[in-house]
Amino acid sequence: MSSEPTRRIVILRHAKAEWSDGDDHERPLADRGRKDAPVAGRWLAGSGITPELALCSTSARTRETWKLAVSELPERPRTVYEDRMYEASLGELIAVLNEVSDEVQDLIVIGHNPGMHALADALAGESDGDLLPRMNRTGFPTSAIAVLAFTGSWKAVEHGVGRLVAFWAPHA
């Protein structure tokens, strides 16, 4: 039996945002997004997962999503707003995860597609039931949540390291 702790990564895509011809980084949530984000927070609270750390993109829509979702959690995790998560590639996202302290058991990341979907898909070496095909069929919609479990250090997070143990989306 492994003495390595089981860790969980919760991947949350920001809620539905307004479309704008202006600065993409500053786009706020749409009305639907402001309704869906707390629902995502309630789902997470009901899952029994209590992240110790949140890594959130610096965009307005991710910050607003997190503010609405975290208000539904029984405990607020330490939150770090991470510039590198905005428009991050899969490799950049994995690099951010590799920097997480091994004192953290459960982590939530709040970001954007295509990165959030790519991260969940890449890390999922296996899944419970039909979760992986279902997640890939939906295209990881706004406010979707994927939960992956793995053992080992955050420094060892790489392709196929995890098991997709939950997938939820508000309208899927």
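Contact here means heavy atoms within 4.5 Å, and helices (H or I, at least four residues) and strands (E, at least two) are DSSP runs numbered from the N terminus. What you're looking at is a predicted model, where local features need pLDDT of at least 70, side-chain atom pairs count only at pLDDT 80 or more, and totals for chains, interfaces and linings use all residues. Residues are numbered from 1 along each chain as its sequence is written, and side-chain values use heavy atoms, with hydrogens and water left out.

Let's start with the sheet. It is an open one with seven strands in the order β3-β2-β4-β1-β6-β7-β5, and the pairing is mixed. Here β3 (78-82) and β5 (124-127) sit at the edges with a single partner strand each, so one side of each has no neighbour in the sheet. From one strand to the next, the twist averages 25°. To count as a pair, two strands need at least two DSSP bridges between them.

Now follow the pairings outward from β1. With β4, β1 pairs in the parallel sense over six bridges, and Val-10 has Ile-108 in β4 as its bridge partner. With β6, β1 pairs in the antiparallel sense over seven bridges; Ile-9 stands opposite Leu-148 there. Go on to β7 and you find five antiparallel bridges with β6, with Leu-164 in β7 as the bridge partner of Leu-148.

How enclosed is β6? Six of its seven residues are buried (under 20% relative accessible area with a 1.4 Å probe, protein chains only; exposed is over 50%, partly exposed in between), so β6 is largely enclosed by the rest of the structure.

Next, the helices. α1 (residues 31-47) has 17 residues, which at 1.5 Å a residue should span 24 Å; its end C-alpha atoms are 25 Å apart, which agrees. The expected span is 1.5 Å times one less than the number of residues. Buried in α1 are Gly-33, Asp-36, Ala-37, Pro-38, Ala-40, Gly-41 and Leu-44. Their cover includes β1 (6-13), α2 (60-70), β4 (106-111), β6 (145-151) and β7 (162-168). After α1 comes Gly-48, with a positive phi near 85°.

Finally, helix α4 (residues 115-123) lies across β1, β4, β5, β6 and β7, running at about 150° to β1. For that angle, axes are lines fitted to C-alpha atoms (for helices, over the stretch in contact), and angles run from 0 to 180 degrees between N-to-C directions.
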